[in-house]
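Biologist: Please take one part of this model and look at it closely. I would like the small sheet, what touches its surface, and then the cysteines.

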Amino acid sequence: KEFQSRAAKAIWDISGIYATSRHIPGVRFAGITHPGLIGTAPSHELLAEWNKREQGLIDEYVAMNGNKGPVPPVAFPPERRGAYVGQEGLSEEVRERVAREGARTVPGREHGGNCDIKNLSRGSRCYFPVFVKGANFSVGDLHFSQGDGEMSFCGAIEMAGIITFSCSVIKGGVEKFALKQPIFLPSPIDPVYSEKLVFEGLSVDVHGDGKQYNMDATVAYKQAALNAIAYLMKDSPNACVTLGIPTGIFTHNILPQPEGLVKKDFGQCAIRSDGVL
């Protein structure tokens with residue numbers, strides 16, 4: 001909204017690992033193909049929990065805004081109108097229930113879903129909790145390339161393709177690894193662009209009302225992104241936050257194993273003598 005941006009489309013020509021576009025001249029880069037959507041199916045109980053908590057978030061913001069919905073919306077509840085049920089052979093009763101209760105698929109959730117992680121490419125490994133018999137694993141929304149998340153909502157180069165993978169089951173993995181959400185081991189394949197132009201952002205809304213925030217990393221990140229957009233004059237993005245733990249700093253294997261994690265006593269750091277944590 002800061003730039004009153006409008007949606008636009010660029011067509012990319014893919015040649016091997018490189019992409020160029022006649023709509024964005026002067027740019028050529030190596031991509032890493034990956035699925036934007038990957039995950040297992042939720043149980044009926046988990047689906048009901050999603051709808052309950054997201055409706056609660058909507059209601060909270062409606063109450064805060066004097067019975068007017070937040071702009072932009074904070075979440076979208078299930079919507080019968082235009083609901084797409086791709087599975088064949090379902091009764092009208094089941095289709096109606098899917099349309100009435102089915103969660104919107106834009107946000108990622110505990111099962112995985114629309115996670116848009118560019119490094120889930122060749123050689124990556126994913127650990128998903130299983131909520132239903134058979135898991136009902138699915139994958140799709142293939143991308144040739146994208147940034148760290150689809151910052152402008154549709155910020156990837158979409159493509160058709162075939163993806164090949166193998167699956168295995170770790171019995172009791174949810175309990176062994178305290179698995180509340182998926183765990184990912186990214187692909188070792190990643191184009192290296194070591195020289196970067198870096199834009200700083202502070203917790204002051206310089207692109208909005210100029211309000212000062214107290215150590216707000218989300219505001220600071222948004223300002224950095226908006227500064228880069230103002231520099232390049234591209235679309236306005238949403239913020240995206242990820243957390244990665246470099247496995248190379250550990251002298252032992254921290255990856256999930258079928259037998260679970262082996263706890264080791266490494267001692268502890270020095271504690272303050274006054275007992276303050």
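Modeller: I will set the scene, then take the sheet, the patch and the cysteines in turn.

The model is predicted, not experimental. The chain has 277 residues, and 25% of them are buried. It holds 4 helices and 9 strands. Read from the N terminus, the elements go β-β-β-β-α-α-β-β-β-β-α-β-α.

Now the sheet. How many strands form it, and in what order? There are 3, arranged β1-β2-β3. The sheet is open, and its pairing is antiparallel. The edges belong to β1, residues 12–15, and β3, residues 28–30. Each of these has a single partner strand, so one side of each lacks a neighbour in the sheet. Neighbouring strands are turned against each other by 25° on average, ignoring direction.

Look at the β1 and β2 pairing. Strand β2 covers residues 18–21. It is joined to β1 by 4 bridges, and the two strands run antiparallel. One residue pair is worth picking out: Ser 15 has Tyr 18 of β2 as its bridge partner.

Tyr 18 also leads to the surface. Together with Ile 17 and Tyr 193, Tyr 18 makes a nonpolar surface patch of about 280 Å². Where does Tyr 193 sit? It lies in the loop between β9 (183–185) and α4 (217–232). So the patch brings a residue of that loop together with Tyr 18 and Ile 17. Tyr 193 has a relative accessible area of 43%, which makes it partly exposed.

Last, the cysteines. A disulfide is a covalent bond between the sulfur atoms of two cysteines. The count here is 0. Why is Cys 115 unbonded? The closest cysteine sulfur to its own is in Cys 126, at 7.3 Å, and that is too far for a bond. The cut-off is 2.5 Å between the sulfur atoms. Cys 167 is in no disulfide either. Its nearest cysteine sulfur is again that of Cys 126, 9.4 Å away.

The two also have accessibility values to check. Cys 115 has 22% relative accessibility and counts as partly exposed. The buried class ends at 20%, so Cys 115 falls outside it. Cys 167 is exposed, at 60% relative accessibility. The exposed class needs over 50%, so Cys 167 qualifies.

To recap: an open antiparallel sheet of 3 strands, a patch through Tyr 18, and 0 disulfides.

Definitions and conventions. Residues are numbered from 1 along each chain as its sequence is written. This is a predicted model: local features need pLDDT of at least 70, side-chain atom pairs count only at pLDDT 80 or more; totals for chains, interfaces and linings use all residues. Side-chain values use heavy atoms; hydrogens and water are left out. Two strands pair if DSSP finds at least two bridges between them. Axes are lines fitted to C-alpha atoms, for helices over the stretch in contact, and angles run from 0 to 180 degrees between N-to-C directions. Buried means under 20% relative accessible area, exposed over 50%, partly exposed in between (1.4 Å probe, protein chains only). Patches are made of residues with over 30% relative accessible area and no salt bridge: like charges are joined within 9 Å, nonpolar side chains (Val, Leu, Ile, Met, Phe, Trp, Tyr) within 5 Å. Accessible areas come from the Shrake-Rupley method with a 1.4 Å probe; for residues, only the protein chains shown count as cover. A salt bridge is a side-chain nitrogen of Lys or Arg within 4 Å of a carboxyl oxygen of Asp or Glu.
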